[in-house]
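Student: I would like to go through this structure with you, beginning with the ligand and then turning to the strands. Could we take it slowly, one question at a time?

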Amino acid sequence: MSALHGKKILLGITGSIAAYKAASLVRLLIKAGAEVQVLMTAAATDFITPLTLATLSRNKVHTDVASGDSWNNHVEMGLWADAMVLAPLTATTLAKLSHGICDNIIAATYLSARCPVFFAPAMDLDMWKHPATLENVGRLKGFGNQLIPVGTGELASGLIGEGRMAEPEAIVKVLSGHFAYAQSLKGKRVLVTAGPTYEPVDPVRFIGNRSSGKMGIAIADELNARGAAVHLVLGPSALSPSRPGVEVTRVGTAREMYKAATEVFGRCDAAVLAAAVADYRPAEAADQKIKKEGEEMSLRLIRNPDIAAALGQTKAAHQRLIGFALETQNGLENAKAKLARKNLDLIVLNSLADTGAGFNHDTNKITLLSKGNKKREFELKFKTAVAVDIVNALQDLWG
Ligand code: C5P
């Protein structure tokens, strides 16, 4: 069965000669089992009739925010869709969307849509290469919308070059790839820990570390994007996941993180422990602010529970456990030792010696070490891309 089966697709057609290809796109989507609603700009109706698209989509086609005495609810349509596809997307509508200008049904629905948006531009080669167009494409990509690249060939103007709308088959392939990916971890439940922990010294001071939580949050988002149910136990971090489907429990101390993590692990198929948990905490946290007295003061520290080791002890045969090792020296040996000591299936080593890796950066450079000491080294990448590599490795562990 196609991954598009039962999916609700909102197709926005704008005024380009390529609009005629939208008819085959609708046919292919319907054939794959999708439900399709078509929106058109007024200019699009000069190239292909709403009647053609209504017949093929088996749905009414909307060309205006208001028509006659009724109002087409763009908010409702935006919420209805599992994906919005803009094909063909002209330079004009691209420019409008990239700046939030909302003067037609497609722009209004685009701004209301919560689903992933795909866009397949179509224009002449010089328009396509113009810095204004490139900037607008970049802006849409920056909003998280996915570009379906233009093709090269003969254009309506007679010129030859880049700017043709992607073929309907290619658009359908991108969409079914998206839905297949979005379901690849359906049915799995994963615990992720992220961020630092703060261990109180008194009501105003704490012992903490420089972890931002970025890596673990990126992993939680990536797991959820593949359809997994995700429990993120997050230490004090200014950040939060971008996907609303991630269930977040905010904690402060290592002991709170331990409690939250051990409570949910039993129901999970895996845990990815990316948090930088404080190994020690002050033996007593003072009730009142500690006053300055004398030239020296000392703090007695005691060990915190090791969450990874505790989960490693209770781990069932179907469960997988991934830990992190942030090392400043002897990275590989330390990581190997942790892998065995904590009963992990995989350890992610990042070394502070690598520029751009570790705490607070947007990038990271990792080495994955699995049981049996199989080692895989990766390039420096954005943490979102590193998260893809780590989740791929988890998927491999499940086989
Ligand atoms: O031993 P070390 O702290 O370097 O191990 C790092 C790994 O163990 C990380 O995955 C970290 O999240 C986890 N850890 C933990 N609980 C602790 C200390 C570390 O879960 N108290």
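Student: How far is an oxygen atom of the ligand from a polar backbone atom of Leu 273?

Tutor: Please keep in mind that this is a predicted model. A polar contact is a pair of N or O atoms within 3.5 Å. The pair here joins an oxygen atom of the ligand to a polar backbone atom of Leu 273, and the distance is 2.6 Å.

Student: Which residue has a polar side-chain atom 2.9 Å from an oxygen atom of the ligand?

Tutor: We should separate backbone from side chain here, since a nitrogen atom of the ligand lies 2.9 Å from a polar backbone atom of Ile 307. The residue that places a polar side-chain atom 2.9 Å from an oxygen atom of the ligand is Lys 342.

Student: What percentage of the area that the ligand exposes when taken alone does the protein bury?

Tutor: Taken alone, the ligand exposes 450 Å². The space it takes is the second largest pocket. Of the area exposed by the ligand alone, the part buried by the protein is 88%.

Student: Which elements give two or more residues to the shell around the ligand?

Tutor: The residues surrounding the ligand include Ile 307, Ala 308, Gly 323 and Phe 324. Helix H11 covers 307-314 and strand E18 covers 320-327, so Ile 307 and Ala 308 fall in the helix, while Gly 323 and Phe 324 fall in the strand. The elements that give two or more residues are therefore helix H11 and strand E18.

Student: How many residues of the shell are charged?

Tutor: Among the residues around the ligand are Asp 279, Asp 306, Lys 338 and Lys 342. The shell divides into 7 nonpolar residues and 1 polar residue, and the number of charged ones is 4.

Student: Which strands stand at the edges of the open sheet, each with a single partner strand?

Tutor: The sheet has 5 strands in the order E2-E1-E5-E6-E7, with parallel pairing. Inside that order, strand E1 is joined to strand E5 by 4 bridges, and Leu 11 stands opposite Val 85 in E5. The strands at the edges each have a single partner, so one side of each is left without a neighbour in the sheet, and they are E2 and E7.

Student: Which residue in the turn of the hairpin formed by E8 and E9 has a positive phi?

Tutor: Strands E8 and E9 run antiparallel and are joined by 4 bridges. Thr 152 has Glu 162 as its bridge partner in E9, and Glu 154 has Ile 160. There are 5 residues between the two strands, and the one in the turn with a positive phi of about 100° is Gly 158.

Definitions and conventions:
Residues numbered from 1 in each chain as written. Predicted model: local features only at pLDDT ≥ 70, side-chain atom pairs only at ≥ 80, totals over all residues. Heavy atoms only, no water. Near = heavy atom within 4 Å. Polar contact = N/O pair within 3.5 Å; in protein donor to acceptor, adjacent residues only side chain to side chain. Areas by Shrake-Rupley, 256 points an atom, 1.4 Å probe, with all protein chains shown as cover. 1 Å grid on protein atoms, 1.4 Å probe; cavity = no way out; pocket = protein on both sides within 12 Å on 5 of 7 lines; lining within 4 Å. Sits in = over half its atoms within 2 Å of the grid points. Nonpolar A, V, L, I, M, F, W, Y, C, P; charged D, E, K, R; others polar. Pairing = 2+ DSSP bridges.
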